[in-house]
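Work through the following exercises with the coordinates open beside you. Each one gives a task and then a solution in steps.

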Amino acid sequence: MGSKIKLLSSIEDVIKKNNIQGETFADLFAGTGCVGDYFKDRYNVISNDFLYFSYVLNMAKLKYGRTPKFKKIERKIGCNIFDWLNKMNFTPDDKFFFYNNYTPIGDRMFFTESNGIKIDGIRLKIEELFTTDEINENEYYFLLASMMDSLTRVSNTSGTYEAFFKFWDSRAGKEFELQPLEINEVDLYGKNTVYNRDTNELVREITGDIAYIDPPYTVTQYVSAYHMFETLTKYDAPAIKGVGGKRGRDGQNSLYAQRTKAKLIFEDLFRQIKFEHVLISYSNQGLVPLEELCELASHFAVDGEVQINHYDYQEYQNHRSSNKRNGKGLNEVIIYFKKDMKINKSPINYSGSKDTLLPEILKALPAQIDTFVDVMGGAFNVGANVTATRKVVYNEINPYIYELVSWVLGEDKTKIIKDIENKIASCGLEKGGKEQYEALRSLYNEKQNPLELYVLHMYAFQNMIRFNGSHKFNTPIGVAGYSEDIKQRILNFKCKAPEVELINGDYVNLKWETYPPETVFYFDPPYFITSAAYNDGKRGMKGWGLNEEIELLSILKQLDSLGYKFILSNVIKHKDKENTLLMQWIEENGYKIIEVGVSGWRYAKNEVLIINY
């Protein structure tokens with residue numbers, strides 16, 4: 001069920017039609033492994049599925065290009081290993097799990113008694129051969145995969161293992177025979193990798209060129225439909241129950257197959273995936289309506305462009321399948337989009353900016369973000385790069401920084417570049433040109449407009465934007481200046497959310513309760529145990545001391561009680577100091593700490609995120 005054998009040429013068509021290039025192909029919901037097996041001679045394949053039996057199938061198909069030779073064991077036994085195993089006779093005992101539970105001996109009719117004995121006997125023999133090093137890992141997985149494939153030829157079912165026929169189907173009367181799994185016999189393009197992980201967790205750790213997504217998109221849980229394969233491959237004698245003799249799901253219910261969670265988990269996947277080209281197999285009968293899924297994907301696509309490719313496809317049916325869908329025919333599609341992975345670094349160089357830590361911050365984001373509030377926005381590196389599905393809110397207390405952000409976002413970018421270059425030329429500015437720089441600084445302090453402040457900050461010492469107690473810009477000249485990099489940052493800077501709201505005010509005055517439930521608040525305050533020009537409280541701005549730290553922690557606790565998610569950037573230890581107040585608050589409330597790396601080149605700080613989700 002869900003196999004894409006008949007869609008392989010269609011997947012290839014989408015790749016060719018869009019001239020998709022690359023060396024890495026990820027099959028993120030790999031199932032039977034037919035997609036990776038098809039492409040393994042053209043790409044380095046990354047395969048993943050959270051079910052163990054799928055991991056076994058993909059190990060058998062992808063780690064090597066051809067069927068194993070079984071040289072060591074066949075040299076010992078003097079014949080083909082499949083013939084040898086099939087000719088063995090076995091005497092059942094209490095270790096024969098299939099015989100004791102899935103045949104009439106166990107009051108179930110999945111297999112005949114004789115086949116149950118052979119299934120258990122061969123499975124136990126394979127395990128023995130592996131533990132005694134008579135077969136290697138590749139041969140072991142190939143034999144287990146072959147067992148699964150052979151099992152389907154004698155199963156007394158309609159295809160899945162949720163129930164058995166109450167009569168003996170002709171297929172079930174055949175004798176179980178272990179036959180080699182058919183694989184695509186080719187030379188591998190490179191080294192393939194096979195994972196047995198939750199896809200949404202794995203995509204936070206891997207990168208590549210092409211990602212193929214074939215998630216469950218109906219209510220059927222594969223862990224239930226194919227519990228028999230999971231038990232066969234693990235052979236762990238699980239506790240089973242019910243007429244179907246199903247094993248416990250061990251928390252392996254897919255959220256993609258849950259009507260209330262499917263769209264949320266898709267959003268998380270689209271947000272976190274780090275592959276340039278994304279292909280999704282889907283249908284008009286998915287739990288998330290096709291139009292909604294494409295609209296969601298558009299938020300994460302380059303220029304919002306999403307392509308839908310339609311294909312005729314024969315639908316698999318089981319006892320809960322399509323005949324209950326108002327007669328609506330299946331329309332199978334392949335959705336394609338280019339993922340917007342670009343980080344738009346703010347053109348404003350401002351103390352405490354998180355541009356270098358952005359990848360780790362983005363990785364820590366929750367699954368669903370309707371609105372993202374960058375509470376202490378600064379240069380707006382974080383909020384501008386978060387894909388909220390509705391809008392992002394920028395708040396900044398410093399009016400001069402707020403004006404710069406408003407100016408860069410609101411003005412035509414080519415006009416900004418022209419105005420900057422004209423100002424530099426008219427003032428005769430150059431790197432280290434102290435006299436011209438100070439003349440412009442005096443001119444700015446008379447009228448204070450964002451263009452002149454921006455030009456000044458490019459030439460200022462360490463690009464610092466600093467004012468005295470009278471709100472006069474007073475940073476001395478540095479050694480930097482205007483550059484092609486700054487020009488490109490201005491041209492590229494934009495928000496990834498469809499809407500942006502800019503606020504200039506103290507964060508404590510934000511009306512928290514007015515934001516929708518799926519709002520995420522990001523806080524990047526001055527760090528209590530460090531010092532900087534913007535938190536010393538001596539330059540006409542709001543400083544940051546113990547009272548402000550206590551106030552912040554109180555507001556965060558309030559947000560938590562209101563059901564909102566928050567992210568707090570901070571430093572717990574720095575040099576010989578430790579923020580014991582913050583640490584105690586985290587422990588008392590059970591919040592999570594994520595280490596995100598080191599910031600600052602002169603006074604390096606080990607940054608952390610504190611989250612409440």
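**Exercise 1.** Locate K72 in the secondary structure, then decide whether K72 is buried or exposed.

Solution. K72 belongs to helix α4, which covers residues 71-77, where helices (H or I, at least four residues) and strands (E, at least two) are DSSP runs numbered from the N terminus. The model is a predicted one, in which local features need pLDDT of at least 70 and side-chain atom pairs count only at pLDDT 80 or more, while totals for chains, interfaces and linings use all residues. Residues are numbered from 1 along each chain as its sequence is written, and side-chain values use heavy atoms, with hydrogens and water left out. K72 has a relative accessible area of 52% and is therefore exposed, given that buried means under 20%, exposed over 50% and partly exposed in between (1.4 Å probe, protein chains only).

**Exercise 2.** Identify the pairing of E501 and state which parts of the chain the pair ties together.

Solution. E501 forms a salt bridge with K391, and their closest N and O atoms are 2.6 Å apart; the term requires a side-chain nitrogen of Lys or Arg within 4 Å of a carboxyl oxygen of Asp or Glu. Because E501 lies in strand β12 (residues 500-504) and K391 in strand β11 (residues 391-396), the pair ties together parts that are 110 residues apart in sequence. As for cover, E501 counts as partly exposed at 28% relative accessibility, whereas K391, at 10%, counts as buried.

**Exercise 3.** Describe the surroundings of D120, beginning with its helix and ending with its contacts.

Solution. D120 is found in helix α7, residues 113-131. D120 is buried yet has no salt bridge, and the nearest side chain of opposite charge, that of R123, is 8.2 Å away; here Lys and Arg count as positive and Asp and Glu as negative, with His and the chain ends not counted. When residues up to four places away in sequence are set aside, D120 touches F96, F97, F98, Y99 and Y235, contact meaning heavy atoms within 4.5 Å.

**Exercise 4.** Establish how many residues of helix α19 are buried and which helices they pack against.

Solution. Helix α19 (residues 450-459) is mostly covered, since nine of its ten residues are buried, among them E452 and H457. These buried residues pack against α16 (399-410), α17 (413-427), α18 (434-447) and α20 (484-492).
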